[in-house]
Amino acid sequence: MTGTSSPNASLAERIGARLRVVPDFPSKGIMFQDVTPVLADAQLFRETIEAMTAPWRGEGITHVAGIESRGFIFAAPVALALSAGFVVIRKPGKLPWRRLSQEYQLEYGVDRLEIHEDACPRGSRVLVIDDVLATGGTAAAACALVEAVGASVIGCQFLLTIRGLDGRRRIPERSVRVLVE
């Protein structure tokens, strides 16, 4: 989805119009959804953060967990808007403290995520955020890590989902919100 949109278009349509599809990245056959044009538009980025925050107001969110790396871009401002702490969920070897790890299946291979074992206090109410929900493996691994540190996952928020990959099936017990279907 590329191009321009009218100011009266819905937020999802305006985001979709700004996404850039990059074929064969990071590997052959993948149609990568580049969100950087959305980030470069200050007004659209602001509206996106507001829309990602709105469903979670009043839910008692104490922490927002962002999944490396584009999830950080969206999770940090949502955490601030919710007056919540920010938790990073990173790829292996990036966290300096004692950590827990979780392996998961991607649409193009296997990977692992890690979280500090003291990322948030037991009983915390956590919102997990990433830019794209594809097969759901990354989101499922992130939720498992949050629960492994003793917190509760209240829900998952994504900018967009990849049709046909059915990522929600990997996180069926979660409250999931997506801006662009």
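Which backbone nitrogen does the side chain of Glu-114 reach? The legends below take up that question and then walk through other close-up views of this predicted model.

**View 1. The side chain of Glu-114 meets the backbone of Gly-93.** Here is the reply to our opening question: the side chain of Glu-114 reaches the backbone nitrogen of Gly-93 at 3.4 Å. Glu-114 belongs to strand β6, which covers residues 109-116. Its relative accessibility is 8%, and because buried means under 20%, Glu-114 counts as buried. Look around the residue and you will find plenty to pick out. Setting aside neighbours within four places in sequence, Glu-114 contacts a run of residues that includes Val-88, Ile-89, Arg-90, Lys-91, Pro-92 and Gly-93. Leu-95, Arg-99, Leu-100, Ser-101 and Leu-145 are also in contact with Glu-114.

**View 2. The whole protein, for orientation.** Before going on, it helps to step back. The protein has five helices and nine strands. Read from the N terminus, its elements run α-β-β-α-α-β-α-β-β-β-β-α-β-β. The radius of gyration is 16 Å, close to the 16 Å that the globule rule gives for 181 residues, so the protein is as compact as a globular protein of that length. Along the principal axes, the C-alpha atoms fill a box of roughly 45 × 40 × 30 Å. Of the 181 residues, 46% count as buried. Among contacts with a separation of 6 or more, 56% come from residues 24 or more positions apart. The accessible surface comes to about 8700 Å², and carbon and sulfur atoms account for 50% of that surface.

**View 3. An open sheet of five strands has parallel pairing.** Follow the strands across in the order β4-β3-β7-β8-β9. β4 and β9 (176-180) stand at the edges with a single partner strand each, so one side of each has no neighbour in the sheet. From one strand to the next, the twist averages 25°. Zoom in on β3 and β4 and you will see them pair in the parallel sense over five bridges. One place to look is Val-64, whose bridge partner in β4 is Phe-86. Helix α3 packs on the sheet, where it touches β7, β8 and β9. The direction of α3 makes about 145° with that of β8. Helix α5 (residues 137-148) lies across β3, β4, β7 and β8, and runs at about 165° to β7.

**View 4. Helix α4 has a set of buried residues.** Which residues of helix α4 (residues 70-81) are buried? They are Gly-71, Phe-72, Phe-74, Ala-75, Val-78 and Ala-79. Their cover includes two helices you can locate by number, α2 (36-40) and α3 (42-53). Strands contribute too, and the cover includes β3 (63-67), β4 (85-89), β7 (125-133) and β8 (152-161).

**View 5. Ser-69 and Ser-83 lie in the loops on either side of α4.** Ser-69 is in the loop between β3 and α4. A cis peptide bond joins Glu-68 to Ser-69, with omega about -10°. Beyond the helix, Ser-83 sits in the loop between α4 and β4. Is Ser-83 buried or exposed? Ser-83 is exposed, with a relative accessible area of 71%. Its phi is positive, about 55°, although Ser-83 is not a glycine.

**View 6. The loop between β1 and β2 holds Asp-24 and Pro-26.** This loop joins β1 (20-23) and β2 (31-34), and two of its backbone features are worth a close look. The phi of Asp-24 is near 60°, a positive value in a residue other than glycine. Asp-24 is partly exposed, with a relative accessible area of 41%. A little further along, a cis peptide bond joins Phe-25 and Pro-26, where omega is about 5°.

**View 7. Gly-150 lies in the loop between α5 and β8.** How far is the C-alpha atom of Gly-150 from that of Cys-120? The two C-alpha atoms are separated by 8.2 Å, while the residues are 30 apart along the chain. Leaving out residues up to four places away in sequence, Gly-150 touches Arg-122 and Gly-123.

Conventions. Residues are numbered from 1 along each chain as its sequence is written. This is a predicted model: local features need pLDDT of at least 70, side-chain atom pairs count only at pLDDT 80 or more; totals for chains, interfaces and linings use all residues. Side-chain values use heavy atoms; hydrogens and water are left out. Buried means under 20% relative accessible area, exposed over 50%, partly exposed in between (1.4 Å probe, protein chains only). Helices (H or I, at least four residues) and strands (E, at least two) are DSSP runs, numbered from the N terminus. Contact means heavy atoms within 4.5 Å. A polar contact is a pair of N or O atoms within 3.5 Å; within protein, one must be able to donate a hydrogen and the other to accept it, and residues adjacent in sequence count only if both atoms are side-chain atoms. Two strands pair if DSSP finds at least two bridges between them. Axes are lines fitted to C-alpha atoms, for helices over the stretch in contact, and angles run from 0 to 180 degrees between N-to-C directions. The radius of gyration is taken over C-alpha atoms; the globule rule is 2.2 Å times the number of residues to the power 0.38. Accessible areas come from the Shrake-Rupley method with a 1.4 Å probe; for residues, only the protein chains shown count as cover.
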